Amino acid sequence: MSEGSLIIIFAVLGVCLGSFVNAAVWRIKVKKDIVHDRSECVHCHHKLVAGDLVPIFSWIALGGKCRYCRKPISVQYPIVELAVMAYFVLSYLLWPIALDTTYAWIDFGLWLSYGVGLAILFVYDLKWYLLPDKVVWPLVALGMVNFVNTGLWHQWSLGQFFAEFILAVGVIAGVYYVLYFISKGKWVGFGDVKLGLFMGLALGWQAGLVALLLANVIGCLIVIPGLALGKLKRDSRIPFGPLLIAGFVLAGIWGHQLFDWYIGGFGL
């Protein structure tokens, strides 16, 4: 199959799953079944038909309003659909490992699956300052599958499996648990600890460390100007999940190169 065909496939798959992300965010909030419940208008609760659910195009065709009650549909919907589509396409184009083995395709397939779950968490945490277990724990399970796949791919010994596991768990989840314990949940939430567990398993400790550093850098780039401009206060609540997720995505693509570059800077 040609590269162009694969890009089209990933684009279509991404935009459709972006539509699922939007539905899942709302369904989790109102305690509906993520998979089986039908989509409906969040205002009038009219069940939506196929013509209302075409990603991006339905929102444009309807002028950003519900077909039935004419109340506005949040611009969140096309933005998330485009973002997940971009994640799928750019992941394929920028993937650092040749997709020429079964292990490599499993790794890439898991990466795309992460994107769907992380998109749900990103939006949910931005809106309600919470990382729901219904999404976090399945991601942890996928991260463990990836960890085992990586170990088999690199033919780790049993001792190396154990050492890599301890480091992967400790690099983010361990640090965040200490912060959570010391501050009694005031500095970071326990959801961030669980998200850190997934990140360490999915990335490994080297790229996981890069993700943690990137998340903090991105946070500083947002918080410091916000404080300087008066848009944020010292006690403003900042959801850290989206920052961790942004760091995860960057580290997943460029993490090992950044880690090698950073360590190389110390002559190690």
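The side chains of D52 and Y68 are joined by a polar contact of 2.7 Å. In this predicted model, D52 sits in the loop between helix 1 (3-29) and helix 2 (57-61). The relative accessible area of D52 is 11%, under the 20% limit, so the residue counts as buried. Beyond its neighbours within four places in sequence, D52 is in contact with S58, L62, R67 and Y68.

One of those contacts, R67, also carries a charge partner for D52: the two side chains meet in a salt bridge, with 2.6 Å from N to O. This pair links distant parts of the chain, since R67 belongs to the loop between helix 2 and helix 3 while D52 belongs to the loop between helix 1 and helix 2, 15 residues apart. The two partners are not equally accessible: R67 is partly exposed, with a relative accessible area of 41%, whereas D52 is buried at 11%. The acidic side chain of D52 therefore takes part both in the salt bridge with R67 and in the polar contact with Y68, and does so from a buried position.

Side chains of opposite charge can pair when their charged atoms come close. Over the whole structure, a search finds three salt bridges. Besides the pair of R67 and D52, there is a salt bridge between K47 and E40, whose closest N and O atoms are 2.8 Å apart. Here K47 is partly exposed at 35% relative accessibility, and E40 is buried, with a relative accessible area of 11%.

The side chains of D133 and K194 also meet in a salt bridge, at 2.4 Å from N to O. D133 lies in helix 5 (residues 133-153) and K194 in helix 7, so this pair ties together parts that are 61 residues apart in sequence. In this case the acidic partner, D133, is partly exposed, with a relative accessible area of 38%. The basic partner, K194, is buried, with a relative accessible area of 11%.

K194 leads on to the geometry of its helix. Helix 7 covers residues 190-228, and a straight helix of 39 residues would span 57 Å at 1.5 Å a residue; the end C-alpha atoms of helix 7 span only 29 Å. Where does helix 7 have its kink? The kink is centred on G204 and amounts to about 120°. Just after helix 7, G230 takes a positive phi of about 80°.

Helix 1 gives another result on the span test. At 1.5 Å a residue, its 27 residues should span 39 Å, and the end C-alpha atoms are 38 Å apart, which agrees. Helix 1 is followed by K31, which has a positive phi near 60°.

Most residues other than glycine have a negative phi, and most peptide bonds are trans. Two further residues with positive phi lie in loops between helices. Y129 is not a glycine, yet has a positive phi of about 55°. Its place is in the loop between helix 4 (102-128) and helix 5, and Y129 is partly exposed, with a relative accessible area of 34%. Q155, also not a glycine, has a positive phi of about 55°. Q155 is found in the loop between helix 5 and helix 6 (158-183), and is exposed, with a relative accessible area of 69%.

A buried polar residue appears in helix 3, the place of S91. S91 has a relative accessible area of 3% and is buried. What does the side chain of S91 join in a polar contact? The partner is the side chain of W111, at 2.8 Å. S91 and W111 are 20 residues apart along the chain, and their C-alpha atoms are separated by 8.4 Å. Not counting residues up to four places away in sequence, S91 touches A86, F108, W111, L112 and I253.

Confidence varies along the chain. The average pLDDT is 90, and 96% of the residues score at least 70. Among the elements of the chain, helix 3 (residues 76-94) has the highest mean pLDDT, 96, and helix 8 (residues 241-264) the lowest, 81.

Note on methods
Residues are numbered from 1 along each chain as its sequence is written. Side-chain values use heavy atoms; hydrogens and water are left out. Helices (H or I, at least four residues) and strands (E, at least two) are DSSP runs, numbered from the N terminus. The expected span of a helix is 1.5 Å times one less than its number of residues. The bend at a residue is the angle between axes fitted to the seven residues ending there and the seven starting there. Buried means under 20% relative accessible area, exposed over 50%, partly exposed in between (1.4 Å probe, protein chains only). A polar contact is a pair of N or O atoms within 3.5 Å; within protein, one must be able to donate a hydrogen and the other to accept it, and residues adjacent in sequence count only if both atoms are side-chain atoms. Contact means heavy atoms within 4.5 Å. pLDDT is the predictor's confidence in each residue, from 0 to 100. A salt bridge is a side-chain nitrogen of Lys or Arg within 4 Å of a carboxyl oxygen of Asp or Glu.
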